[in-house]
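Me: I am new to reading protein models, and I would like a close look at one part of this one. Could you take me through the sheet and the loops around it, step by step?

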Amino acid sequence: MNATCPECAATITMPADTLASEIIVCPDCGAELEVISLDPPTLALAPEVEEDWGE
Ligand SMILES: [Zn+2]
C-alpha cells in the first residue's frame, strides 16, 4: 500500500495493517502524517502535537 507524502512528494509504503487516522512518519522528510483515507491511501500533514520543540 503506497501513499504520497504531501510534504515532499516521496512515495511512502504503508504497512498493510495501517489504520485510518494513524500517524506515520515520512522516512524521507520526517514529517508526521495522518492517514486520512485507506482507499485510496491518502496522507495529510498531522497537526503538530509536540508539546515543546524548544531548544
Ligand atoms: Zn516526506
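Among contacts in the chain between residues at least 6 apart in sequence, what percentage join residues at least 24 apart? And what does the sheet look like once you follow it strand by strand?

Reply: Happy to help! Please keep in mind that this is a predicted model. To begin with your number, 25% of the contacts between residues at least 6 apart in sequence join residues at least 24 apart.

Let's set the scene before going to the sheet. The chain has five strands and zero helices, so its elements, read from the N terminus, spell out β-β-β-β-β. Of its 55 residues, 7% count as buried. Along the principal axes, the C-alpha atoms fill a box of roughly 40 × 20 × 15 Å.

Now for the sheet itself. Three strands make up an open sheet, in the order β3-β4-β5, and their pairing is antiparallel. At the edges are β3, covering residues 23-25, and β5, covering residues 41-45, each of which pairs on one side only. From one strand to the next, the twist averages 45 degrees.

Look next at the pairing of β4 with β5. Strand β4 spans residues 32-38, and five bridges join it to β5, the two running antiparallel. You can find some of the facing residues yourself: serine 37 has threonine 42 in β5 as its bridge partner, while valine 35 stands opposite leucine 43 in β5. A general point is handy when you look at side chains here: in a regular strand they alternate between the two faces of the sheet.

How does the chain get from β4 to β5? A hairpin of two residues makes the link. Proline 40 lies in this loop, and the peptide bond leading to proline 40 from aspartate 39 is cis, with omega near 5 degrees. That is worth a pause, because most peptide bonds are trans, just as most residues other than glycine have a negative phi.

Let's go back into strand β4, where glutamate 32 has its place. Is glutamate 32 buried or exposed? It falls in between: glutamate 32 counts as partly exposed because it has 16 C-beta neighbours inside 10 Å, and a residue needs 20 or more to be buried, or 12 or fewer to be exposed. Leaving aside neighbours within four places in sequence, glutamate 32 is in contact with Ile23, Val25 and Ala46. There is also a link to a distant part of the sequence to look at: glutamate 7 is 25 residues away from glutamate 32 along the chain, and their C-alpha atoms are separated by 9.5 Å.

Finally, visit two loops outside the β4 to β5 hairpin. Alanine 9 lies in the loop between β1 (2-4) and β2 (11-13). Although alanine 9 is not a glycine, its phi is positive, at about 70 degrees. Alanine 9 is exposed because 9 other C-beta atoms lie within 10 Å. Serine 21 sits in the loop between β2 and β3. Its phi is near 75 degrees, again a positive value in a residue other than glycine. Serine 21 counts as exposed, because it has 9 C-beta neighbours inside 10 Å.

To retrace the tour on your screen, start at β3, an edge strand, then find β4 and follow the two-residue hairpin to β5. Pause on the way at the cis bond from aspartate 39 to proline 40.

Terms used
Residues numbered from 1 in each chain as written. Predicted model: local features only at pLDDT ≥ 70, side-chain atom pairs only at ≥ 80, totals over all residues. Pairing = 2+ DSSP bridges. Helix = DSSP H or I, 4+ residues; strand = E, 2+ residues; numbered from the N terminus. Axes fitted to C-alpha atoms, helices over the stretch in contact; angles between N-to-C directions. Contact = placed C-beta atoms within 7 Å.
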